[in-house]
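Hi there,

Here is the structure I promised to pass on to you. Have a look at it first, and then read on for my notes.

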Amino acid sequence: MAAPMNAARRAALVKGASKAKIKARVDLAGCTGCEVCISACPVPTCIEPFGDDISTRGVYVNFDLCIGCKLCVKDCPWDTIEMVPTPTVEGQVTSLESAQVHETPIFEHIDLLEERVKAPLQQKGIGADNGLPSR
Ligand code: SF4
Ligand code: SF4
């Protein structure tokens, strides 16, 4: 897990990312948690990892930080990231809320996520029965 970012720096990054017309969305069904995308992403803490074994490992994109540069899409060895129009993810905090992840292990292990990420998912009923809002 990356070190917490200075609040002023994060606010500046969020302001820049607010202009992006597209955002990166990870489909956990294909994500292996290899973290190649984290290395490719120019924005610190924009893509974050979770899980500690092969059955639970994955990454998610913080939509408020994504600048839509597509570098992660180009580098992902498993083609499991796609760019989506920003309005389609409005109100969502991370890509966990919009991926088709009914079959993926993370929602059986939602406690793996840090509180900041977990709380909005639980408020929407995600994780309780692996139910998800439609994309
Ligand atoms: S590069 Fe692709 S497979 Fe690897 S962690 Fe990122 S999204 Fe998942
Ligand atoms: S599109 Fe760019 S900013 Fe957004 S997650 Fe991918 S590499 Fe990071």
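Ile47 is a good place to start: this residue is buried, because 25 other C-beta atoms lie within 10 Å and 20 are enough to count as buried. Please keep in mind that you are looking at a predicted model. Ile47 belongs to strand S2. Setting aside residues up to four places away in sequence, Ile47 touches Cys37, Ile38, Cys41, Val59, Val61 and Cys72. There is also a long step along the chain to point out: Ile47 and Ser95 are 48 residues apart in sequence, while their C-alpha atoms are separated by 9.5 Å.

That brings me to the partner strand. S2 and S3 run antiparallel and are joined by four bridges. If you want a pair to click on, Glu48 stands opposite Tyr60 in S3. Which residues of S3 are buried on its two faces? On one side they are Gly58 and Tyr60, and on the other Val59 and Val61, so that S3 is covered on both faces.

Val61 deserves a look of its own. Beyond its neighbours within four places in sequence, Val61 is in contact with Lys23, Ala24, Arg25, Val26, Cys46, Ile47, Cys66, Thr94 and Ser95.

Both Ile47 and Val61 turn up again in the largest nonpolar core, which has 25 residues. The members that touch the most others there are Val26, Cys37, Ile47, Val61 and Cys72. Strands S1 (22-26), S2 (47-50) and S3 (58-61) are the elements that give two or more residues to this core. S3 provides the largest share, with three residues. As background, nonpolar side chains in soluble globular proteins tend to be buried together.

Next along the chain is Phe63, in the loop between S3 and helix H3 (71-75). Is Phe63 buried or exposed? With 23 other C-beta atoms within 10 Å, Phe63 is buried. Its contacts, leaving out neighbours within four places in sequence, are Lys23, Val89, Gln92, Val93, Thr94 and Ser95. For one of these, Gln92, the C-alpha to C-alpha separation from Phe63 is 7.4 Å, with their positions 29 residues apart in sequence.

Now the ligands, which you may want to bring up on screen. Ligand 1 is surrounded by 13 residues, and the closest are Cys31, Cys34, Val36, Cys37 and Cys76. By class, that shell has nine nonpolar, three polar and one charged residues. Around ligand 2 there are 14 residues, with Ala24, Cys41, Cys66, Cys69 and Cys72 the closest. Its shell is made up of twelve nonpolar, one polar and one charged residues. Some names will be familiar by now: Cys37, among the closest to ligand 1, and Cys72, among the closest to ligand 2, are both listed with the core members that touch the most others.

Two backbone details also caught my eye. Most residues other than glycine have a negative phi. Glu35, however, has a positive phi of about 70° although it is not a glycine. Glu35 lies in the loop between S1 and helix H2 (36-40), and it is partly exposed, with 15 other C-beta atoms within 10 Å. Thr45 is the other case, with a positive phi of about 65°, and it is not a glycine either. You will find Thr45 in the loop between H2 and S2. Thr45 is partly exposed, with 16 other C-beta atoms within 10 Å.

Finally, the view of the chain as a whole. The protein chain has four helices and four strands, and along the sequence they follow the pattern α-β-α-β-β-α-β-α. Of its 135 residues, 28% count as buried. Among contacts in the chain with a separation of 6 or more, 73% come from residues 24 or more positions apart.

Happy browsing, and best wishes!

Terms used:
Residues are numbered from 1 along each chain as its sequence is written. Chains are lettered from A and ligands numbered from 1 in the order in which they are written. This is a predicted model: local features need pLDDT of at least 70, side-chain atom pairs count only at pLDDT 80 or more; totals for chains, interfaces and linings use all residues. A residue is near a molecule or strand if its C-beta atom, placed from the backbone, lies within 6 Å of it. Ala, Val, Leu, Ile, Met, Phe, Trp, Tyr, Cys and Pro count as nonpolar, Asp, Glu, Lys and Arg as charged, and the others, Gly among them, as polar. A nonpolar core is a set of buried Ala, Val, Leu, Ile, Met, Phe, Trp, Tyr and Cys residues joined through C-beta atoms within 7 Å. A residue is buried if 20 or more other C-beta atoms lie within 10 Å of its own, exposed if 12 or fewer, and partly exposed in between; C-beta atoms are placed from the backbone. Two residues are in contact if their C-beta atoms, placed from the backbone, lie within 7 Å. Two strands pair if DSSP finds at least two bridges between them.
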